[in-house]
Amino acid sequence: MAHIENMVTTYKRIIVYFAISGMLFSGLEVISRPFAHNYNGAIVFFSTSKLDLSQENLQILISIWGGFYSLTVAFISFQFVYRYLSLFHANSLEYFDGLGTVVWMVYPVIPGAIYSIIFHIFCQPDEYADSYVRWELFETYGIAISDTPRFFMVPFDASGTLRMESVVNISVDLFLIGFHYLIILYCGLQMHFNMKKQLKKFSAPQRRLQRQFFKALIVQSMGPTIFLVLPAGPVLLTPILSPLLDIKVSWQTGWMFTLIGLYPPFDSIAFMIIVSEYKIVIRKQLKLLIGDLSSTPVASIMYSKTTRTL
């Protein structure tokens, strides 16, 4: 916000807002400590947090953490829409200022909230789900299921009939993620095939900056695929495929959440590496920091000793 000059203020806000949401995403993971276990036709999401919080509060935190997953994908799709409009319909960008700022800031929260609410309502524990994984959790983790904040996705009951609660949750999840990925795909392809012609309208510095923004968006879209979607795939599909294919499964899939936690720093660092103006500012700041450190008495003595040694 303070140092980058050749970037539209609205886009600065978008980047900052996205970075803040990533920090909140990582922070919630540290607090709620979500973990997952796949056992045959079930997934159990539970908290390993040692904080002195009630089961209800930890369940809420897990639900909100899950909502940030959908919020992140929705926000990336919005960024693709903004870059697409900046290239093909620049006059429409005025709608993103003023009151429009509130709209685009609120929009990603909507799919995130839907995800959290649906997950919290339709994945609540019940007697069948608890009995299904009770011994598995005790044998694997040494925990009593009744004392653990938890959610379940169990698509089939003992007779093979669909459990509608899990079906609704999975359907909503797939719709929210699929809808926003279609937007990312459409805008990305349009920019890829038509960018060369559209960039002729910009000055040379702006053309370079627009290309860098597009590269950054490509990396930002790859990030969720690698860190968010691929880890979630085996977790969500196994309880459906396991009963149908009669495959026995016992996986500690919560370890894949470590990949999800890597995404926010990956996104911000990638953006700073790709956009040259960020690199220039960072180099200047590092030089100033090194200069300040070397000017201290202790640092000066260490520097002179190192110089003599060399």
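Author: Buried means under 20% relative accessible area, exposed means over 50%, and partly exposed lies in between (1.4 Å probe, protein chains only). This is a predicted model: local features need pLDDT of at least 70, side-chain atom pairs count only at pLDDT 80 or more, and totals for chains, interfaces and linings use all residues. Residues are numbered from 1 along each chain as its sequence is written, and side-chain values use heavy atoms, with hydrogens and water left out.

Reader: Why does Arg163 count as buried?

Author: Arg163 has a relative accessibility of 14%. That value falls under the cut-off for buried, so the label fits Arg163.

Reader: What makes the pair of Arg163 and Asp126 a salt bridge?

Author: Their side chains meet at 2.9 Å, N to O. A salt bridge needs a Lys or Arg side-chain nitrogen within 4 Å of an Asp or Glu carboxyl oxygen, so the pair passes. Arg163 sits in the loop between strand 3 (150-153) and helix 6, and Asp126 in the loop between helix 4 and helix 5 (127-141). The bridge therefore ties together parts that are 37 residues apart in sequence. Helices and strands here are DSSP runs (H or I, at least four residues; E, at least two), numbered from the N terminus.

Reader: Is Asp126 buried or partly exposed?

Author: Asp126 is partly exposed. Its relative accessible area is 28%, so it lands between the two cut-offs.

Reader: How many salt bridges does this rule give?

Author: The count comes to two. In the other pair, Asp130 meets Arg150, with the closest N and O atoms 2.9 Å apart. Asp130 is in helix 5 and Arg150 in strand 3, 20 residues apart. Both of these residues are buried.

Reader: What makes Lys279, Arg283, Lys284 and Lys287 a positive patch?

Author: Lys and Arg count as positive, so the four charges are alike. Patch residues need over 30% relative accessible area and no salt bridge; like charges are joined within 9 Å, and nonpolar side chains (Val, Leu, Ile, Met, Phe, Trp, Tyr) within 5 Å. Lys279 has 31%, so it clears the area limit. Lys279 lies in helix 9 (residues 276-294).

Reader: Which residues make the nonpolar surface patch?

Author: Among them are Leu99, Val102, Ile110 and Phe175, in a patch of about 930 Å². Helix 3 (99-106), helix 4 (109-122) and helix 6 (164-199) each give two or more residues. Helix 3 gives the most, with five.

Reader: Why is Phe175 called exposed?

Author: Phe175 has a relative accessible area of 56%. That is over the cut-off for exposed, so the label holds for Phe175. Phe175 is found in helix 6.

Conventions. Accessible areas come from the Shrake-Rupley method with a 1.4 Å probe; for residues, only the protein chains shown count as cover. The place of a charge is taken as NZ of Lys, CZ of Arg, CG of Asp or CD of Glu.
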